[in-house]
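User: Please explain the reasoning behind the salt-bridge and accessibility labels for the structure shown here.

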Amino acid sequence: MSVDTPILKSGAATSDAELIKDTTTKDFVRDVIDASREVPVLVDFWAQWCGPCRQLTPILEKAVRAAKGAVRLVKLNIDEHPQIPGQMGVQSIPAVFAFQDGRPVDGFMGALPESRVNAFIARLIGDTGANLAADVEAAEAALSAGDLNTAAQLFGEVLQQDRENVQSLAGLAKCYIKTGDLVRAEQTLALVPPAKADAAPVASARAALELARKAGETGDVESLRAKLAAEPNDPQTRFDLALALNAKGDRKGALDELLTLVAKNRAWNDDAARKQIIQLFEAWGPTDPVTISGRQRLSSLLFA
């Protein structure tokens with residue numbers, strides 16, 4: 001998902017030198033305090049020896065250029081100019097402070113990913129649509145990375161502004177699923193408006209919920225592996241192992257077991273293995289790499 005580029009507030013072109021600059025202790029008031037009375041100014045406190053700073057600064061520069069004048073970036077080397085960061089209590093870097101109307105109004109520490117930086121800037125400049133889109137993108141990225149607390153917080157922030165945001169409802173439900181709280185996941189999905197019940201994110205979350213319920217009845221992976229080793233032609237054990245593997249996050253392993261079952265005994269249990277593969281694809285989403293490769297593998301198997 002991409003964030004729409006905010007519209008330039010002043011309506012006039014802004015040069016790159018005006019958008020992004022280095023400052024000093026002497027010029028800080030002019031470059032930051034005074035400039036922030038016109039547009040918000042981000043201050044990037046950094047140092048040459050700081051690896052995370054070198055990761056974050058290009059992301060900040062890209063986001064500020066994309067905002068096309070709605071926000072500016074000022075960089076201050078804390079080794080060369082320690083007075084300002086000392087006065088502001090900067091104890092670790094990278095540290096970013098947002099100034100507006102001559103005073104600091106927001107900030108963050110650490111090398112955030114691009115989606116989080118975009119969300120931060122969208123909130124700062126008051127672009128509601130971009131703000132929500134950026135928050136959803138950041139939440140999805142956190143969910144994919146397994147950072148469930150951050151994902152749930154961001155999905156929740158979006159829902160405070162848009163109670164019917166189906167991507168956030170579905171994403172929050174998936175957070176609950178990953179923590180094993182299937183009751184709250186179901187309650188969250190119940191909040192989806194009937195007119196949006198068939199939306200792709202909702203269908204994906206419902207499939208993930210159903211898979212989690214099934215996995216709770218299968219047993220643990222190691223026991224199922226041992227049982228399958230003893231009875232390699234037992235289709236139910238292979239099927240259960242696939243569900244258990246998926247529950248542990250091993251998507252490829254789950255797919256491999258089900259494809260093996262399709263190849264060995266497609267008719268078993270009314271084509272259950274193929275149907276289960278389709279449900280996995282729905283839960284993982286159409287853009288997941290395992291879904292993409294899995295569809296190709298399934299097609300090759302079925303139509304060989």
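Analyst: The answers below concern a predicted model and take each label in turn.

User: Why is the contact of Lys62 with Glu114 called a salt bridge?

Analyst: The closest N and O atoms of Lys62 and Glu114 are 3.0 Å apart. The cut-off is 4 Å between a side-chain nitrogen of Lys or Arg and a carboxyl oxygen of Asp or Glu, so the pair qualifies.

User: What parts does this pair tie together?

Analyst: Lys62 belongs to helix α3 (residues 51-66) and Glu114 to helix α5 (residues 114-125), so the bridge links parts that are 52 residues apart in sequence.

User: Why does Glu114 count as partly exposed?

Analyst: Its relative accessibility is 33%. Partly exposed covers the range between under 20% and over 50%, so Glu114 falls in that class.

User: How do you know that Lys275 and Asp270 form a salt bridge, and which class does each residue fall in?

Analyst: Their closest N and O atoms are 3.2 Å apart, and the limit is 4 Å, so the term applies. Asp270, at 58%, is exposed because the threshold is over 50%. Lys275, at 41%, is partly exposed.

User: What makes Asp271 buried?

Analyst: Asp271 has a relative accessible area of 13%; buried means under 20%, so the label holds. Its salt-bridge partner Arg274, at 2.4 Å from N to O, is partly exposed at 22%.

User: Which residues are joined into one network by salt bridges that share partners?

Analyst: The network comprises Lys21, Lys26, Asp27, Arg30 and Asp31. The whole structure holds 18 salt bridges.

Methods:
Residues are numbered from 1 along each chain as its sequence is written. This is a predicted model: local features need pLDDT of at least 70, side-chain atom pairs count only at pLDDT 80 or more; totals for chains, interfaces and linings use all residues. Side-chain values use heavy atoms; hydrogens and water are left out. Helices (H or I, at least four residues) and strands (E, at least two) are DSSP runs, numbered from the N terminus. Buried means under 20% relative accessible area, exposed over 50%, partly exposed in between (1.4 Å probe, protein chains only).
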